[in-house]
Structure formats: structure tokens, C-alpha cells
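Reader: I would like a close look at one buried position, and then at how the side chains elsewhere are placed and paired. Please keep to what can be read from the coordinates.

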Amino acid sequence: MQAPVLVLKDSLKRESGNKVHYGNIQASKAVADIIRTTLGPRSMLKMLLDAAGGIVVTNDGNAILRELDLAHPAAKSMIELSRTQDEEVGDGTTSVIVLAGEMLHVAEAFIGRNYHPTVICRAYNKALEDAIAVLDKIAMSIDVKDRSTMLSLVKSCIGTKFTSQFGDLIADLAIDATSTVGVELGQGLREVDIKKYIKVEKVPGGQLEDSKVLKGVMINKDVVAPGKMRRKIVNPRIILLDCPLEYKKGENQTNAELMREEDWSVLLKMEEEYIENLCFQILKFKPDLVITEKGLSDLACHYLSKAGVSAIRRLRKTDNNRIAKACGAVIVNRPDELQESDVGTGASLFEVRKIGDEFFSFIVECKDPKACTVLLRGASKDLLNEVERNLQDAMSVARNIIKNPKLVPGGGATELTVSAMLKQKSSSIEGIEKWPYEAAAIAFEAIPRTLAQNCGVNVIRTMTALQGKHANGENAWIGIDGNTGEITDMKERKIWDSYTVKAQAFKTAIEAACMLLRIDDIVSGIKKKQAPGAGSAPKSKVEGEGEADNEALIPE
């Protein structure tokens, strides 16, 4: 009998073979089950308590998974999925997870029959290509300029969200904001930068109906000297700086030794002259409003207010960029380099208003602004947070359509069409890959099935009826109306989805499923390197393959 050979340190735990596949599939299914009920208009909300005791109430798949702290490695990569989906296209975060979970679920049977994972992956990738081809076939183009189409589209995308009860409000805000900041790149392309140029300001109080998109920028700052400076300026000339308007101090502690008393006054005078100089360089351009990202000393404040100029200091860099975009100013680094062209004249009103007990500066009614602020009002903080999340989704949808104006049917109709077409194709596929390919086709039905479950209708009957309608790949627009659970034509109900979101969701889900299926070994317990001799190794124990205890599973 040969002595057992130790390869791995005993603190390491190694699982391999089918056990790993089953573990990963179980974990992914657990994650999918967590957020399965949040798909569709009749979705449930999840309430999450964080460590600080704060509450998040939401049904946005990404927001839920972001808050969860998971132990299983496969489950963690599922969470990455919804994050990429959120960053790429901003919507469809729930469907991605549900779809990926389902893809892994149908693969489980094949693993049990000793199919090689690579075969399954190959079939899945083939299915993905064909699915995208089907999407291209049923997609229809729309006119981005037509507001009513855009409105119904954004509405159908946020119809699943909490704010759908406020009618067109959020959809209107989203379309206004995105069409404001869209930049033409030429060749019919438009770039919409939501993160940089759309700021969402949440101000508790008032009603949700008071929310609006400002044609300009709003910042949570007041002028430096409220009594002396004007708080309302019509057609202001705005100068933006990112340098301090105060005397430069030494980098680190500097000691100046003065021999005569007069030197002291000379020193002070130099400081004053320096600031006076700065201010006069600025005042040459007759601005009405000076905004700086850094500090502004009392003396500079005095010179500016004497000239009737309002000033705002210590503004965030991002806000400054937004103001520059909105009123057409250029941010200047040194006052002595100011030019007439750097002065922003695009805004027609600067005003400081008091909302609640805080002062906000508005630079609004700009001519052709390329940045804007969405002002959200609402009863409570939690409500506002949820509205903001929904607004983000709505804006992403609007952005996707502006970038790629193609639509596919919503309400599970797309998935059913894809599924029907793949089933037809599977008969022409030769060899062993046929079965996983067919299974992938069935997995696409998870979305309409989940929708039906969440509406509370008879799932089996609804699904059979739908499959019958879609059987030969025609009437692609028949799907489930998520509110009533009826089988209807999506075109009439105006339930649409953006092509970009669907395509991205399919790609992400299938690629992730393939990645998780390809894992056949998990080694855990890898420690950081210790200093030699730091700790004595405990006694070794040889693990057979069957003994590696499977703690890594998430409890259901």
C-alpha cells in the first residue's frame, strides 16, 4: 500500500468534479430566487436593513443584490452580473439574474447525465447567436423626436417600478433630462452622459408632483455674504474659477522674521494688494456672479460685493462642470488668463431660493443648456431614494433609445418568440449539442413564466396558451400584460422594451452561465503568506474527494 501523498496544505479545502457544478448551480438558483418576485409590474418589494440600521425598500434587482453580503463565490459572480447590466444599460437587472439562474438550472440535468460542460457551453453560445438574430428580426425602429412614442416606451420600462402609480411624471422627467443633455456626435449618433451632466437633487418636503427638470443647474449653496450680495440677477454674466481668491500661504509652515515694525505693515499691504489685484482682474470683465471651487477670503468678498458682484465659494468640481455646460462659461485656472469668451452668458436668471430650511442657488432658464438638474420633492427620504433609483433607470432607458432607436416587444413576448424560433432550429442541429440547445430555448421561457407567477394567474394554462400562439414563430407581439395577467398584443398595450437592454441581458446571462459551468474546482482557505516559522502547521489529514464538506452552499 502506497503512502498517501499530500499536495495541498491541509488548511486548504478543495472541491472538484460534479460537486462543484451542483454547488454553483444551487447558489445561482438561490440568488435568482431571492429576486425572482421583483420582476414585472406586480412585483413585490424587498426591505433590506443595513448594518447602521438604515432601511432600503426597493424592487430594483441591482439595488437589492448590492446590499446583500454573500459567502458563496458563484453567488458573488451572479451579483456582478446585475451590476454590469446596470452600468451598461441601466435596466433589466432583474431579468438578467432570473435568466442566468434558469440557464444553469436546465444545465443541471445534463451535468447529471455526464455531459461535458464544454458541450453545454457550446450549445448555449450557439443559442445566444441565434437569439440575437431573432431579436434583430423582430426589432422595430422608432423616431426619437416623437415624444409620445418615447413617453410610452419609458413608461413601459418603469411600469414595473414603484413610481408607476404617479403616471407620466417620472417618464416625463427622464425624457426631458436626457433630451437636454444629448450631444450630437455627427453621423446621426448622439451621446448622452447621464452621470456627469444630470444631477439629481433630492429635497424632502413638498409633493412628488412638484419635481421638475430645471433648464439649468441648481446647487446647495448660498452667496458668500447674503446681506450685501444680490440674490437675484437677471441675465447674469458668470465667471467660473477653480483657484482660491485668497492670499497664497506657504506650502508648509513658513516663518518670516521681521526686523522692523514697518515691514509688518508692508507684508500685510502686499497681501491686500495681491487680493485686490486678483479681484480687479476679474472685475475687468464686469461679471455679475463669480463662482470658485476653492476658498474666497473676506477681503476678496469685500471687493466683489462693493462692485455689486455675487460670489459663491467651495463648489464641487462636478457641479462647476455642470454650470459651465449649462451657461456656456469656461472654467478658468488663473484670473489673469481670463478672456471675454470665458464668461458665461447663457443663463437668463440667477436666483437663491429657500427650500425647506436650506438655501439653494438656481442658475436657470439657460439657452440650449447641455447639463441639467432634476429636482425631486417627496414626503420622506426613503421615498425619494426609491424615486431616484427609478429615475436613473428611466433615464438610462431614454438614453439607450436615443443611442439605438430600436424596440422589441415587452411582457415576455420577446423571450417567447426567441424560444419558439430556437425550438424550431434545434431540430436541424446535429449531434449531442442538440439537447442543451433545446434546453436553452426552454430556459428563455423563465421570464414570461415569472411574470405570470407574479400576477397570480394560472401559470401552466397561461404558458401553454402563449406557447401555442408562438408555436411557429409568428405573431411575435403576443405576451403577458403584467398587470392583469391577460394574454394580449403588446403593440396595442404599448408594452415595449429597448433592444439594447434585451440584447445585453441575453448576452450577459448566457456568458455568465457558461463561465460558471466551466468551473470544476474550488480551492478555498488560501491564506496570505505568513513569515516563515510564524505558526506551526497543524497535523495533516488526507481528504478523499467525497469528504470535502460542502459548506459553501447558500442556505435556501
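Author: Ile158 counts as buried, because its relative accessibility is 3% and the cut-off for a buried residue is under 20%. The model is predicted, and what follows is computed from it. Ile158 sits in helix α6, which covers residues 147-158. Its C-alpha atom is 8.4 Å from that of Ile170, and the two residues are 12 apart in sequence.

Cys301 is another buried residue, with a relative accessible area of 8%. Its place is in helix α10, residues 298-306. Between Cys301 and Ile275 there are 10.0 Å from C-alpha to C-alpha, with a sequence separation of 26 residues. If neighbours within four places in sequence are left aside, Cys301 is in contact with Val224, Ala225, Met229 and Leu296.

These two positions belong to a chain of 556 residues, of which 51% count as buried. The chain has 18 helices and 22 strands, and its C-alpha atoms fill a box of roughly 100 × 75 × 45 Å along the principal axes. When contacts between residues at least 6 apart in sequence are considered, 75% of them join residues at least 24 apart.

Val7 shows the opposite setting. With a relative accessibility of 75%, Val7 is classed as exposed, and it is found in the segment before β1 (13-16). Val7 takes part in a nonpolar surface patch together with Val5, Leu8, Val523 and Ile526, and the five residues have about 490 Å² of accessible area together. For the whole protein chain the accessible surface comes to about 27,200 Å², and carbon and sulfur atoms account for 51% of that.

Next come the charged side chains. The chain carries 74 positive and 77 negative side chains, and the centres of the two sets lie 1 Å apart. Side chains of opposite charge can pair when their charged atoms come close. The structure holds 27 salt bridges, and three of them are described here in turn.

Glu433 and Arg122 form a salt bridge in which the closest N and O atoms are 2.6 Å apart. Glu433 is in the loop between α13 (413-426) and α14 (434-443), while Arg122 is in helix α5 (residues 117-138), so this pair ties together parts that are 311 residues apart in sequence. The two partners fall into separate burial classes: Glu433 is buried at 12% relative accessible area, whereas Arg122 is partly exposed at 47%.

Lys425 and Asp130 meet through their side chains in a salt bridge with an N to O distance of 3.5 Å. This pair also links distant parts of the chain, with Lys425 in helix α13, Asp130 in helix α5, and their positions 295 residues apart. Lys425 is partly exposed, at 43% relative accessible area, and Asp130 counts as buried, at 15%. Elsewhere, Asp33, Arg36, Glu102 and Arg449 are joined into one network by salt bridges that share partners.

Within that network, the Asp33 and Arg36 side chains form a salt bridge of 2.9 Å, N to O. Both residues belong to helix α1 (residues 18-36), and because they are 3 residues apart there, about one helical turn separates them. Asp33 has 38% relative accessibility and counts as partly exposed.

The backbone offers two further positions to inspect. Most residues other than glycine have a negative phi. Asn235 has a positive phi, near 45 degrees, and is not a glycine. Asn235 lies in the loop between β10 (232-234) and β11 (238-241), and it is partly exposed with 47% relative accessible area. Glu365 is likewise not a glycine, and its phi is positive at about 55 degrees. The loop that holds Glu365 runs between β16 (358-364) and β17 (372-378). Glu365 has a relative accessible area of 48% and is therefore classed as partly exposed.

Terms used
Residues numbered from 1 in each chain as written. Predicted model: local features only at pLDDT ≥ 70, side-chain atom pairs only at ≥ 80, totals over all residues. Heavy atoms only, no water. Patch = residues over 30% accessible without salt bridge, like charges linked within 9 Å, V, L, I, M, F, W, Y side chains within 5 Å. Areas by Shrake-Rupley, 256 points an atom, 1.4 Å probe, with all protein chains shown as cover. Salt bridge = Lys/Arg side-chain N within 4 Å of Asp/Glu carboxyl O. Helix = DSSP H or I, 4+ residues; strand = E, 2+ residues; numbered from the N terminus. Buried < 20%, exposed > 50% of the residue type's maximum accessible area, 1.4 Å probe, protein only. Contact = heavy atoms within 4.5 Å. Lys, Arg positive; Asp, Glu negative; His and termini not counted. Charge placed at Lys NZ, Arg CZ, Asp CG, Glu CD.
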